[in-house]
Each structure stands twice: as structure tokens, then as C-alpha cells.
Amino acid sequence: MFFDPSYLLFVALPALVLSLLAQLFVRSAYAKWGNVRNGVNMTGVQVAERILSRTNVHGVGLEGVPGQLTDHYDPRSHTVRISQANASQPSVAAMAVVAHELGHAQQHQDGSILIQMRNFLIPAVQLSPTIGYAMIIFGLILNITGLFWLGILAFGLMVIFMILTLPVEIDASARGLRLLRESGLIAVESDYSGARAVLTAAALTYFAAAIQAVLQLLYYVSLGSRRD
């Protein structure tokens with residue numbers, strides 16, 4: 001199927017272009033605002049500590065993690081892990097990334113329905129792509145229609161997960177920007193506009209991934225319809 005011209009034209013090529021554009025926007029925004037000092041002159045760790053001390057987000061652990069843009073929130077331990085660069089740099093980008101991850105912590109704390117739905121799917125999503133691909137391929141090779149459509153259903157779980165991830169990430173960014181204001185970390189307007197630019201660029205990567213997953217699912221459905 002990967003040599004099918006329609007797959008290359010309607011799935012592989014659009015997915016590649018969207019992914020490259022999203023990564024370009026992220027790298028560009030992070031490079032720009034990673035070199036702009038925030039108005040309060042605080043590193044990522046200091047920003048996190050200020051937010052935790054002045055907002056309703058509480059009980060969140062802070063840990064360092066190697067790499068760049070490896071920042072993430074771990075709901076299992078209620079910990080925000082901050083990359084080395086963001087932990088030590090007093091940049092607008094560091095401020096934005098840390099606030100976003102604390103936005104995830106607030107979602108977890110508030111019991112956000114979106115993040116609960118996404119977390120519910122995590123165990124299934126860890127296996128569904130592999131199982132789905134296997135069923136689809138063997139269903140095609142062996143001409144077993146039922147197996148093929150079961151594979152599409154399994155793959156569909158991953159697509160649902162990707163779609164749910166987008167509003168979760170957008171909401172975490174919106175929460176992060178509010179947390180920055182609530183904790184008095186927006187000293188100048190460029191802090192807010194820069195943080196929003198970084199987080200908007202990051203959201204594009206999730207948008208690109210969701211579009212790619214949907215296009216791939218639609219291709220499989222059309223492929224099955226043609227074979228029926």
C-alpha cells in the first residue's frame with residue numbers, strides 16, 4: 001500500500017509537509033524567544049516555583065531532565081520535568097514551556113474530562129497501532145475482510161487518542177498563560193506575546209500529527225471500501 005500513488009499523494013506527502021512546517025515553526029519560535037530574556041529575569045525553575053507558590057496548583061514535584069524541548073508532565077508522580085536549557089535560562093521560551101507543563105498539572109489536579117479520556121486510552125494506544133497495522137497488512141495479504149476491518153478499528157483508537165490530545169494541549173497552554181498572569185510573571189507585554197507564540201507553534205505539531213493520523217485512517221477505510 002505504501003507504493004500506492006494515492007497513498008503517497010493524499011497521505012504521505014501532506015503528512016510530511018505538515019510535519020516539516022510544524023517543526024519549522026516550533027524551532028523558529030523557540031530559537032527567537034529562547035534568546036529573549038523575560039521581564040522578571042527568572043529561569044524556568046524559578047518560574048515554576050513562583051507559579052506553585054502563588055496559584056492553586058500545588059503538590060507538584062520539579063525535576064531536571066536531559067536534552068532540549070524534553071520538558072513534560074508525568075501524571076503518575078505529579079511531577080514536571082524541565083529540560084536543562086529551560087531550567088537554567090531566564091528566557092520567555094523557558095517561561096512558556098514551564099507554564100504549559102504546569103497547565104497539565106492543573107488539568108490533572110482539576111480532573112479535566114479531556115485528560116481523563118485521553119489517559120483512559122493510553123493502555124490501549126500502546127498496542128493498538130502495532131496490532132492495527134498487523135491486522136490491516138495480513139487482512140490485505142490473506143484477503144480476509146473481517147481481519148482488515150478489525151485492524152482499522154484498532155488503528156482508530158490511536159486516531160481518537162491523537163484527536164483528543166489536541167484540545168488537551170491547547171487547554172494546557174491556555175491554563176499556562178493564565179498561571180503566568182495570576183503569579184505576576186508577565187512583567188512586559190512581550191512576555192505574554194512571546195509565550196503565546198511559542199505555545200501556538202508547539203500546538204501546531206499536535207495538529208499536524210492529528211491530521212496525519214486522520215488521513216491515514218481515511219486511506220485505510222477507502223482502501224477497504226474499494227476491496228469490498
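A residue is taken as buried when its relative accessible area is under 20%, as exposed when that area is over 50%, and as partly exposed in between. The structure described here is a predicted model, and the burial classes are applied to it throughout.

By this criterion, 45% of the 228 residues of the protein chain count as buried. The chain has 8 helices and 3 strands, and these follow one another along the sequence in the pattern α-α-β-β-β-α-α-α-α-α-α. Along its principal axes, the C-alpha trace spans about 65 × 30 × 25 Å. Among the contacts with a separation of 6 or more, 73% are made by residues that stand 24 or more positions apart.

In helix α2, which comprises residues 44-54, the buried residues are Gly-44, Val-47, Ala-48, Arg-50 and Ile-51. These residues lie on the same side of α2, because the arc that they cover around the axis is only 160°. Such a pattern can be related to helix geometry: an α-helix has 3.6 residues a turn, so residues three or four places apart point the same way. The elements that cover the buried residues of α2 include β1 (61-65), β3 (79-83) and α3 (84-88), together with the helices α4 and α7.

Strand β3, one of the elements covering α2, is itself largely enclosed by the rest of the structure, since 5 of its 5 residues are buried. In a regular strand the side chains alternate between the two faces of the sheet. In β3, Thr-79, Arg-81 and Ser-83 occupy one side and Val-80 and Ile-82 the other, and with all of these buried both faces of the strand are covered. Strand β3 pairs with β1 in a parallel arrangement through 5 bridges, within which Val-65 stands opposite Ser-83. The pairing of β3 with β2 is antiparallel and rests on 3 bridges, and here Asp-74 has Thr-79 as its bridge partner.

Two residues in the loops that connect the strands have backbone angles worth noting. Most residues other than glycine have a negative phi. Leu-69, however, has a positive phi of about 55° although it is not a glycine, and is placed in the loop between β1 and β2. With a relative accessible area of 31%, Leu-69 is partly exposed. His-78 likewise is not a glycine and has a positive phi of about 55°. This histidine, His-78, belongs to the hairpin of β2 and β3, in which 4 residues lie between the strands. The relative accessibility of His-78 is 16%, and the residue therefore counts as buried.

The largest pocket of the model holds about 700 Å³ of space and is lined by 27 residues. Of these, Asp-71, His-100, Glu-101, Glu-169 and Tyr-206 lie nearest the centre of the pocket. The lining divides into 15 nonpolar, 7 polar and 5 charged residues. At least two lining residues are supplied by each of α1 (5-33), β2 (72-74), α4 (92-110), α5 (113-125), α7 (145-182) and α8 (189-227), with α8 giving the most, namely 6 residues.

Helix α5, one of the elements that contribute to this lining, also carries Arg-118. This arginine, Arg-118, is buried, its relative accessible area being 13%. When residues up to four places away in sequence are not counted, Arg-118 touches Phe-161, Leu-164, Thr-165, Val-168 and Glu-169. Glu-169 is thus a contact of Arg-118 and is also listed among the residues nearest the centre of the largest pocket.

Gly-146 is placed in helix α7, which likewise supplies residues to the lining of the largest pocket. At 45% relative accessibility, Gly-146 counts as partly exposed. The C-alpha atom of Gly-146 is separated by 9.7 Å from that of Ile-136, a residue 10 residues apart from Gly-146 along the chain.

Notes:
Residues numbered from 1 in each chain as written. Predicted model: local features only at pLDDT ≥ 70, side-chain atom pairs only at ≥ 80, totals over all residues. Heavy atoms only, no water. 1 Å grid on protein atoms, 1.4 Å probe; cavity = no way out; pocket = protein on both sides within 12 Å on 5 of 7 lines; lining within 4 Å. Points joined across faces, edges and corners; volume = space filled by probe spheres on them. Nonpolar A, V, L, I, M, F, W, Y, C, P; charged D, E, K, R; others polar. Buried < 20%, exposed > 50% of the residue type's maximum accessible area, 1.4 Å probe, protein only. Arc of directions from axis to C-beta. Contact = heavy atoms within 4.5 Å. Pairing = 2+ DSSP bridges.
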